[in-house]
Amino acid sequence: QWIFTGSKFVDCEASDDGGGVCAVLADGAHLNMTGCEFTSCKARNGGGYYASVGKNVKIPVEDTSFTTCHSSGSGGGVYVTQEDGTGFVNMTNVTYTQCTADENGGGFWASIAASTSVNFTETTFDECESTGNGGGVYMSMTQGTGVNAYSLIFNKVYFTSTSAGGDGGGLYLTLGQAMKARLFSTAFTSTQSVGSGGGAVIKVG
């Protein structure tokens, strides 16, 4: 288990992935991040934080900010990828401000082909932007956590003045068939896209 508490990453840059932190987590690994700041970090994918995770991996991020981070690929603030297994990704009281991506997911990008739950609580995306899809968040989830379980939960998530050059000015979400997602107390304000879904695009199946 790795823990980052009160760490600051300022003007960090990587030619490859993870401008601030690049984490490759093997099966069963945990990486906790609390009270951290990522400012003006740059990378190909995951301008602030990049995580490639194995089975049964836990990634809680709390009370953390990503400000003016940029990716020349996807995930201006955070990039998460998982191909198999279980686990959870939790974002609690996290702020994404003016993060940008030249491809998808101005603030947050994830591709999860596993029985992993993703939860966003009291998280804000302010003036984030992508050239492609998902000005604030781009997420693809293709395998659920169970028949009666929600694979994705947004609770008090706020998208403000986010924009996409493609679809989903705030949120672009793709879910596998029969998967469940719940968005409550979530607001889209002054979000826009050049394509479809000025606030959100949600595709199922």
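**Note on the predicted model: core, sheets, salt bridges and cysteines**

1. The largest nonpolar core has 43 residues, and Tyr-49, Phe-108, Phe-120 and Met-139 touch the most other members. A nonpolar core here is a set of buried Ala, Val, Leu, Ile, Met, Phe, Trp, Tyr and Cys residues joined through side-chain atoms within 4.5 Å. Buried means under 20% relative accessible area, exposed means over 50%, and partly exposed lies in between (1.4 Å probe, protein chains only). A second, separate core holds six residues, including Tyr-50, Tyr-79, Trp-109 and Val-201.

2. A word on the basis. This is a predicted model, in which local features need pLDDT of at least 70 and side-chain atom pairs count only at pLDDT 80 or more, while totals for chains, interfaces and linings use all residues. Residues are numbered from 1 along each chain as its sequence is written, and side-chain values use heavy atoms, with hydrogens and water left out.

3. Back to Phe-108. Setting aside neighbours within four places in sequence, Phe-108 is in contact (heavy atoms within 4.5 Å) with Val-78, Val-80, Met-91, Tyr-96 and Phe-120. The list goes on with Phe-125, Gly-136, Val-137, Tyr-138 and Met-139. Phe-120 and Met-139 are thus contacts of Phe-108, and both are named with Phe-108 among the core residues that touch the most other members.

4. Now the seven-stranded sheet. Seven strands form an open sheet with parallel pairing, in the order 3-7-10-13-16-19-23. Strand 3 (21-25) and strand 23 (200-204) stand at the edges; each has a single partner strand, so one side of each is left without a neighbour in the sheet. Neighbouring strands of this sheet are turned by 5° against each other on average, direction ignored. For such angles, axes are lines fitted to C-alpha atoms, for helices over the stretch in contact, and angles run from 0 to 180 degrees between N-to-C directions. Strands (E, at least two residues) and helices (H or I, at least four) are DSSP runs, numbered from the N terminus. Two strands pair if DSSP finds at least two bridges between them.

5. One edge of that sheet in detail. Strand 19 (residues 171-175) pairs with strand 23 in the parallel sense, over five bridges. Leu-173 stands opposite Ile-202 of strand 23.

6. There is also a six-stranded sheet. Six strands form an open sheet in the order 6-9-12-15-18-22, again with parallel pairing. Strand 6 and strand 22 (192-193) are the edge strands, and each pairs on one side only. Inside the order, strand 15 (residues 129-130) runs parallel to strand 18 and is joined to strand 18 by two bridges. Glu-129 stands opposite Ser-163 in strand 18.

7. How many salt bridges does a search of the whole structure find? Two. The criterion is a side-chain nitrogen of Lys or Arg within 4 Å of a carboxyl oxygen of Asp or Glu. Asp-16 bridges to Arg-44, with the closest N and O atoms 2.8 Å apart. Asp-16 lies in the loop between strand 2 (8-10) and strand 3, and Arg-44 in the loop between strand 6 (42-43) and strand 7 (49-53), so the pair ties together parts that are 28 residues apart in sequence. Arg-44 also forms a salt bridge with Asp-17, with a closest N and O distance of 3.1 Å. This pair is 27 residues apart, and Asp-17 is likewise in the loop between strand 2 and strand 3. Asp-16, Asp-17 and Arg-44 are therefore linked in a network of salt bridges.

8. Exposure within that network varies. Asp-16 is partly exposed at 44% relative accessibility. Arg-44 is partly exposed at 38%. Asp-17 is buried, at 13%.

9. Cysteines. The whole structure has zero disulfides (a disulfide being a pair of cysteine sulfur atoms within 2.5 Å). For Cys-36, the nearest cysteine sulfur is that of Cys-41, 11 Å away. Cys-36 is buried at 1% relative accessibility. For Cys-69, the nearest cysteine sulfur is again that of Cys-41, at 4.7 Å. Cys-69 is buried at 0%.

10. Two backbone points to check by eye. Most residues other than glycine have a negative phi. Asn-93, in strand 11 (residues 86-97), has a positive phi of about 55°. Asn-93 is partly exposed, with a relative accessible area of 35%. Ser-161 also has a positive phi, near 55°. Ser-161 sits in the loop between strand 17 (152-160) and strand 18 (163-164), and is partly exposed at 32%.
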